[in-house]
Amino acid sequence: MKMLKKEFNKLTANEIAKWKELTAKGTPFSSPFYQYGFALLVSRCDIIVDVIIGYHRENIAFILPLQY
């Protein structure tokens with residue numbers, strides 16, 4: 001497993017799509033606080049948002065948002 005810290009505003013379209021898939025309704029990570037939309041709103045309030053992206057065999061396994 002590999003992990004990468006990335007600035008929220010530098011995510012690719014593929015990473016955003018995977019994030020939304022991983023946190024879709026009915027998944028274990030469907031909490032509002034894990035959602036891309038929540039992180040987007042927080043970032044628009046001049047709060048620093050980073051994400052930790054976890055990879056398993058070059059595929060995104062999880063995305064964890066961090067708000068400072």
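Does E58 count as buried or exposed, and at what relative accessibility? In this predicted model, E58 counts as exposed, at 63% relative accessibility. E58 is found in the loop between β2 and β3. Its phi is near 70 degrees, a positive value in a residue other than glycine. D46 also has a positive phi, of about 60 degrees, although it is not a glycine. D46 lies in the loop between α2 and β2. This residue is exposed, with a relative accessible area of 76%.

The strands bordering these loops belong to an open sheet. Three strands form the sheet, in the order β1-β2-β3, and the pairing is antiparallel. The edge strands are β1, residues 2-7, and β3, residues 59-67; each pairs on one side only. Neighbouring strands are turned by 20 degrees against each other on average, direction ignored. Strand β2, residues 49-56, is joined to β3 by eight bridges, and the two run antiparallel. Within this pairing, I53 of β2 has I63 of β3 as its bridge partner.

Two helices accompany the sheet. Helix α1, residues 13-22, packs on the sheet and touches β1, β2 and β3. The direction of α1 makes about 90 degrees with that of β3. Helix α2, residues 36-43, lies across β2 and β3. Its angle to β3 is about 35 degrees.

Aromatic contacts were examined next. A search of the whole structure finds five aromatic pairs. One of them is the stacked pair of F8 and Y36, with 5.4 Å centre to centre and 25 degrees between the planes. F8 lies in the loop between β1 and α1 and Y36 in helix α2, so the pair ties together parts that are 28 residues apart in sequence. F8 counts as buried, at 8% relative accessibility. Y36 is buried as well, with a relative accessible area of 15%.

Y36 also pairs with W19. The ring centres of W19 and Y36 are 5.3 Å apart and their planes stand at 85 degrees, so this pair is edge-to-face. W19 lies in helix α1 and Y36 in helix α2; the pair therefore ties together parts that are 17 residues apart in sequence. W19 is buried, with a relative accessible area of 0%. Together, F8, W19 and Y36 form one aromatic cluster.

A charge-ring arrangement involves another tyrosine. The charged end of K2 sits over the ring of Y55, 5.0 Å from its centre. K2 falls within the residue range of edge strand β1, and Y55 within that of β2.

Definitions and conventions:
Residues are numbered from 1 along each chain as its sequence is written. This is a predicted model: local features need pLDDT of at least 70, side-chain atom pairs count only at pLDDT 80 or more; totals for chains, interfaces and linings use all residues. Side-chain values use heavy atoms; hydrogens and water are left out. Two strands pair if DSSP finds at least two bridges between them. Helices (H or I, at least four residues) and strands (E, at least two) are DSSP runs, numbered from the N terminus. Axes are lines fitted to C-alpha atoms, for helices over the stretch in contact, and angles run from 0 to 180 degrees between N-to-C directions. Contact means heavy atoms within 4.5 Å. Buried means under 20% relative accessible area, exposed over 50%, partly exposed in between (1.4 Å probe, protein chains only). Rings of Phe, Tyr and Trp (its six-membered ring) pair if their centres lie within 6.5 Å; planes under 30 degrees apart count as stacked, over 60 as edge-to-face and the rest as tilted. A charge sits over a ring if NZ of Lys or CZ of Arg is within 6 Å of the ring centre and within 35 degrees of the ring normal.
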